[in-house]
Amino acid sequence: MKLGASSMSLSVKDLAASRAFYETLGFSAMGGDPDHGFLIMKNGDTLIGLFHGMFEGNMLTFNPGWDQNAQNLDDFDDVRAIKEVVAKAGYPVEQEQGEADGPASFVTRDPDGNIILIDQHR
């Protein structure tokens, strides 16, 4: 299965303080909008998303159709096909968004209850 870019999405209390901390670790901003409560940061191929007030807890995120630089991939598995595999395997499918094609997302949970977001932007 081709899941695309992966990142840890962190729910933060203070976006500016979290940004400063991760910059200390060598991360730099590559996307997002602090005025809208989120920032995507990168160090090498490692991505983290900092989100203030958007969700509770942390989650693992996959972006079908994107590489680690948020560039479009020609070959990827559509989020709806991934969702079908997850559901048929008996895992939960929650918070579905999107239409029959294009951008869409869903949340699932691993056997330990960890939240996994599959979020396709195109």
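Helices here are DSSP runs of H or I with at least four residues, numbered from the N terminus. I worked throughout on a predicted model.

**Entry 1: Lys83**

I located Lys83 in helix α2, which spans residues 79-88. I then looked up its exposure. Lys83 is partly exposed, because its relative accessible area of 23% falls between the limits of 20% and 50%. Setting aside residues up to four places away in sequence, I found that Lys83 touches Val93, Glu96 and Phe106. I also checked Lys83 against Ile118, which is 35 residues away along the chain; their C-alpha atoms are 8.4 Å apart.

**Entry 2: Ser18**

I turned to helix α1, residues 15-24, which contains Ser18. Is Ser18 buried or exposed? I recorded a relative accessible area of 14% for Ser18, so this residue counts as buried, the cut-off being under 20%. With residues up to four places away in sequence left out, Ser18 touches Val12 and Leu50.

**Entry 3: Nonpolar cores**

I next listed the largest nonpolar core, which has nine residues: Leu10, Val12, Leu15, Tyr22, Phe27, Leu39, Met41, Ile48 and Leu50. Two or more of these residues come from each of α1, β3 (38-43) and β4 (46-51). There is also a second, separate core of eight residues, and I noted Phe62, Val79, Val86 and Ile118 among them. As background, I noted that nonpolar side chains in soluble globular proteins tend to be buried together.

I examined Leu39 individually. Apart from neighbours within four places in sequence, Leu39 is in contact with Leu15, Arg19, Ala29, Gly31, Gly32, Pro34, Ile48, Gly49 and Leu50.

**Entry 4: Strands β6, β7 and β8**

I compared the exposure of two paired strands. In β7, five of the six residues are buried, so this strand is largely enclosed by the rest of the structure. In β6, the number of buried residues is zero out of five, so β6 lies largely in the open.

How many bridges join β6 to β7? I found three, with the two strands running antiparallel. Within this pairing, Gln97 has Ser105 of β7 as its bridge partner, and Glu94 stands opposite Val107 in β7. The hairpin of β6 and β7 has five residues between the strands, and I noted a positive phi near 80° at Gly102.

I then followed β7 to β8, where the pairing is antiparallel and extends over six bridges. One bridge partner I looked up was that of Arg109, namely Ile115 in β8. β7 and β8 also form a hairpin with five residues between them, and in its turn Gly113 has a positive phi of about 90°.

**Entry 5: Largest pocket**

I recorded a volume of about 650 Å³ for the largest pocket. Which of its 30 lining residues are the closest to its centre? They are Ser9, Phe51, Thr61, Leu117 and Asp119.

I sorted the lining by class and obtained 14 nonpolar, twelve polar and four charged residues. I also traced the strands that contribute to the lining. At least two lining residues come from each of β1 (5-11), β2 (28-33), β3, β4, β5 (59-63), β6 (94-98), β7 (104-109) and β8 (115-120). Among these contributors, β3 and β4 also give two or more residues each to the largest nonpolar core.

Definitions and conventions:
Residues numbered from 1 in each chain as written. Predicted model: local features only at pLDDT ≥ 70, side-chain atom pairs only at ≥ 80, totals over all residues. Heavy atoms only, no water. Buried < 20%, exposed > 50% of the residue type's maximum accessible area, 1.4 Å probe, protein only. Contact = heavy atoms within 4.5 Å. Core = buried A, V, L, I, M, F, W, Y, C linked by side-chain atoms within 4.5 Å. 1 Å grid on protein atoms, 1.4 Å probe; cavity = no way out; pocket = protein on both sides within 12 Å on 5 of 7 lines; lining within 4 Å. Points joined across faces, edges and corners; volume = space filled by probe spheres on them. Nonpolar A, V, L, I, M, F, W, Y, C, P; charged D, E, K, R; others polar. Pairing = 2+ DSSP bridges.
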